[in-house]
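Biologist: I would like a close look at a single part of this model, beginning with one strand and working outward to whatever packs around it. Please take it slowly and explain each term as you use it.

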Amino acid sequence: MGLQQQQRCSGGITFTLTRRRVKNLNLRVRADGSVAVSAPSAMPLREIDAFVASQAAWVTHAQEKFARRRAAEAAVPLPAREEALAGMQALCRAWWPYFEGRCPGPMPAVRVRDMHTRWGSCSLRTRTVCFALRLWTMPPAAREYVAVHELCHLLHPDHSPAFWAEVARLLPDYAARRALLRTGETR
């Protein structure tokens, strides 16, 4: 069975409805402000519309939040990819001595790319840490937090208490550094 998609509106919210083989109704606001709903094939449209209408205030709040973020990002131009890559590579090299005795193999490859929904990622399979290009516009303490966070995933591939204990051991003030990313203040 192919995916069935249709545009709908309920409670003042325009959304794309996709019928899937899922058990629950799922509502997402994407970074561009569009709204997507996944619903079980047999769920009546009136139930879907009622659910979306009941979530209208939350959807509107999320859309406004994404719009503010897009405006803030547009106000600060992206750095040159080469500059951001060189800076993040240097930062990871500076922190690598804390990990190399406990992580088999060489330092992971460092990449930067234009990511919009996360500041960094770590792939154990390819042994790569990747950082959002926009991270280079953030304060140095925030960049350092993201680098350490991603390198800690080489030791703990999840966000378990052991992972956070490792981050706290290396950066006791990590919560304040992480907060810098949420405020959107640039350097």
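Modeller: Along strand 5 the side chains alternate, with Val110 and Val112 pointing to one face and buried, while Ala109, Arg111 and Arg113 point to the other face and are not buried. Here buried means under 20% relative accessible area, with exposed meaning over 50% and partly exposed lying in between, for a 1.4 Å probe and protein chains only. In a regular strand the side chains alternate between the two faces of the sheet. Strands (E, at least two residues) and helices (H or I, at least four residues) are DSSP runs, numbered from the N terminus.

Before going further, please keep in mind that this is a predicted model, in which local features need pLDDT of at least 70 and side-chain atom pairs count only at pLDDT 80 or more, whereas totals for chains, interfaces and linings use all residues. Residues are numbered from 1 along each chain as its sequence is written, and side-chain values use heavy atoms, with hydrogens and water left out.

Strand 5 belongs to an open sheet of three strands in the order 5-7-6, with mixed pairing, where two strands pair if DSSP finds at least two bridges between them. Strand 5 (109-113) and strand 6 (120-123) are the edges, and each has a single partner strand, so one side of each is left without a neighbour in the sheet. From one strand to the next the twist averages 20°; axes are lines fitted to C-alpha atoms, for helices over the stretch in contact, and angles run from 0 to 180 degrees between N-to-C directions. Strand 5 and strand 7 run parallel and are joined by five bridges, and Val112 has Phe131 of strand 7 as its bridge partner. Strand 6, by contrast, runs antiparallel to strand 7 (residues 128-132), with four bridges between them, and Ser121 has Cys130 of strand 7 as its bridge partner.

Two helices lie against these strands. Helix 5 (residues 140-152) packs on the sheet, where it touches strand 6 and strand 7, and its direction makes about 150° with that of strand 7. Helix 3 (residues 81-95) lies across strand 5 and strand 7, running at about 145° to strand 5. Contact in these descriptions means heavy atoms within 4.5 Å.

The packing can then be followed into the largest nonpolar core, which has 31 residues, and in which Met88, Trp95, Phe99, Phe131, Tyr145 and Leu151 touch the most other members. A nonpolar core is a set of buried Ala, Val, Leu, Ile, Met, Phe, Trp, Tyr and Cys residues joined through side-chain atoms within 4.5 Å. Two or more residues of this core come from each of helix 3, strand 5, strand 7, helix 5, helix 6 (161-170) and helix 7 (174-183), and helix 5 gives the most, with seven residues. Trp95 touches Glu144, Val148, Leu151, Leu170 and Leu171, if residues up to four places away in sequence are not counted. Apart from the largest core lies another core, of 16 residues, including Phe15, Val35, Ala56 and Phe66.

The aromatic residues deserve their own paragraph. The structure holds five aromatic pairs, where rings of Phe, Tyr and Trp (its six-membered ring) pair if their centres lie within 6.5 Å, and planes under 30 degrees apart count as stacked, over 60 as edge-to-face and the rest as tilted. Trp96 and Phe99 form a stacked pair, at 6.4 Å centre to centre and with 20° between the planes. Trp96 is buried, with a relative accessible area of 7%, and Phe99 is buried too, at 0%. The rings of Tyr145 and Tyr174 have their centres 6.4 Å apart and their planes at 15°, so this pair is also stacked. The pair links distant parts of the chain, as Tyr145 is in helix 5 and Tyr174 in helix 7, 29 residues apart. Tyr145 is buried, with a relative accessible area of 4%, and Tyr174 is buried as well, with a value of 17%. Tyr145, Phe163, Trp164 and Tyr174 form one aromatic cluster.

A charged side chain also meets a ring: Arg143 lies over the face of Trp136, at 3.9 Å from the ring centre. A charge sits over a ring if NZ of Lys or CZ of Arg is within 6 Å of the ring centre and within 35 degrees of the ring normal.
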